Amino acid sequence: MLKESMLYLAKQDTIREFAQRNAIARRVARRFVAGETLDEAITVAHELNRRRISVSLDHLGENTRDAHEATAAANDYIAIIERIQREGADANISVKLTALGLDISEDLAHENLTRVLTAAQRYNIFVRVDMEASDYTQRTVDLVIALSAAFENVGTVIQSALYRSSDDVARLIAAGVRVRLVKGAYLEPATIAYPHKVEVDKAYLQLMRQLMEYGVYPALATHDERIINAAIRFASDTGIPRARFEFQMLYGIRRDLQERLAATGYNVRVYVPYGTHWYPYLTRRMAERPANLMFIVSNTFRG
Ligand SMILES: Cc1cc2nc3c(=O)[nH]c(=O)nc-3n(C[C@H](O)[C@H](O)[C@H](O)COP(=O)(O)OP(=O)(O)OC[C@H]3O[C@@H](n4cnc5c(N)ncnc54)[C@H](O)[C@@H]3O)c2cc1C
């Protein structure tokens, strides 16, 4: 119920505008968001790199309804790519198709993503297309597969919560497209998604095995230690070397586990979001773990 309420709040524009200007909310956001500027995100990237942890930079923004803004979002990503290259950072980027204009037209999202991929390809930088709510799943998978014919540096994300994901994984494996596997952060109806966490976790394990055996450099994105341990066991039982996959986690979550895995020789990448449009991202993090709300309460009393 709390999860549903938090995810409902994520979509409310008036609350978003209020929260993004509110000092306490901004302070809370800093636990999960690297800062509001690219300079701050790059500083965090260098700190993580020093601990042998790679990064994926996300310039926060989604559901753009204005074509100029979508084009500007793509231009921002091109500037990020240039900056990663200049800094020599061990980083790639994560983009959302609705930030690049998917709500306006598929052609616009296609054009903007193509520009980003062209810039990234020049420096051999990988571009991960995040997965958004289920309304976008088909279009995201189709677009990424279509562009993968021309670009080797594009991949996407699959959510174990959705019943359709095994088929999507099979299609992406056949196309040689890299997949990040997640549980899924959006509220979905039981007609298309597992309603219980135990089923989502079980599906994750199945998809993890499918990707580890047949996929191209899968990214196992989770903070769930049981799943991480199962993946480590599966890799060792089947003789899959550590270099053939990576673990991914979110900035601000389970830093101990990120460091432990990196220190024991696993490839680890941390997703580093930054920017002023952090409100929907923050509410999804709250929905995943209602205990995070206590963090807000304690900050409110300190503020
Ligand atoms: C790198 C990365 C990229 C992602 N990209 C996408 C995407 O493109 N599309 C999408 O739908 N989802 C994405 N997600 C989010 C994902 O779908 C889950 O919602 C999120 O990872 C929480 O699930 P979990 O696998 O960590 O497992 P859970 O079972 O939810 O959590 C396991 C444990 O992790 C810790 N934990 C998990 N979440 C939090 C939190 N918010 N705050 C504090 N502790 C927490 C807790 O200790 C918890 O017990 C991404 C996640 C990661 C790590």
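Me: At what angle do helix 6 and helix 7 pack, and how far apart are their axes?
Reply: In this predicted model, helix 6, residues 106-122, packs against helix 7, residues 137-148, at an angle of about 45°, and their axes are 11 Å apart.

Me: Parallel or oblique, then?
Reply: Helix 6 and helix 7 are oblique to each other, because an angle of about 45° does not fall under 35 degrees, the cut-off for roughly parallel. Their crossing is right-handed.

Me: Which residues make that contact?
Reply: From helix 6 come Glu 106, Ala 109, His 110, Leu 113, Thr 114 and Leu 117, while helix 7 brings Arg 139, Leu 143 and Leu 147. Sorted by character, the residues of this contact are five nonpolar, two polar and two charged.

Me: OK, and helix 9 with helix 10, what are the angle and the distance there?
Reply: Helix 9, which covers residues 197-214, packs with helix 10 at an angle of about 30°, with 11 Å between their axes. The two are therefore roughly parallel to each other, and helix 9 passes helix 10 in a right-handed crossing.

Me: Which residues meet there?
Reply: On the helix 9 side they are Asp 201, Tyr 204, Leu 205, Met 208, Arg 209, Met 212 and Glu 213, and these meet Ile 227, Ala 230, Ala 231, Phe 234, Ala 235 and Thr 238 in helix 10. Of the residues in this contact, nine are nonpolar, one is polar and three are charged.

Me: How many residues does helix 10 have, and what follows it?
Reply: Helix 10 runs over residues 225-238, which is 14 residues, and spans 20 Å from its first C-alpha to its last, close to the 20 Å expected at 1.5 Å a residue. After helix 10 comes Gly 239, which has a positive phi, near 70°.

Me: Switching to the ligand, how many residues surround it, and which are closest?
Reply: The ligand is surrounded by 23 residues, and the closest are Asp 130, Val 182, Thr 222, His 223 and Gln 248. Strand 4 (154-159), strand 7 (246-250) and helix 12 (279-288) are the elements that each give two or more residues to this shell.

Me: Which of them gives the most?
Reply: That is strand 7, with three residues in the shell around the ligand. By character, the shell divides into 10 nonpolar, six polar and seven charged residues.

Notes
Residues numbered from 1 in each chain as written. Predicted model: local features only at pLDDT ≥ 70, side-chain atom pairs only at ≥ 80, totals over all residues. Near = placed C-beta within 6 Å. Helix = DSSP H or I, 4+ residues; strand = E, 2+ residues; numbered from the N terminus. Nonpolar A, V, L, I, M, F, W, Y, C, P; charged D, E, K, R; others polar. Expected span 1.5 Å × (residues − 1). Axes fitted to C-alpha atoms, helices over the stretch in contact; angles between N-to-C directions. Parallel < 35°, antiparallel > 145°, perpendicular 65-115°, else oblique. Left-handed = near helix turned anticlockwise from the far one by under 90°. Contact = placed C-beta atoms within 7 Å.
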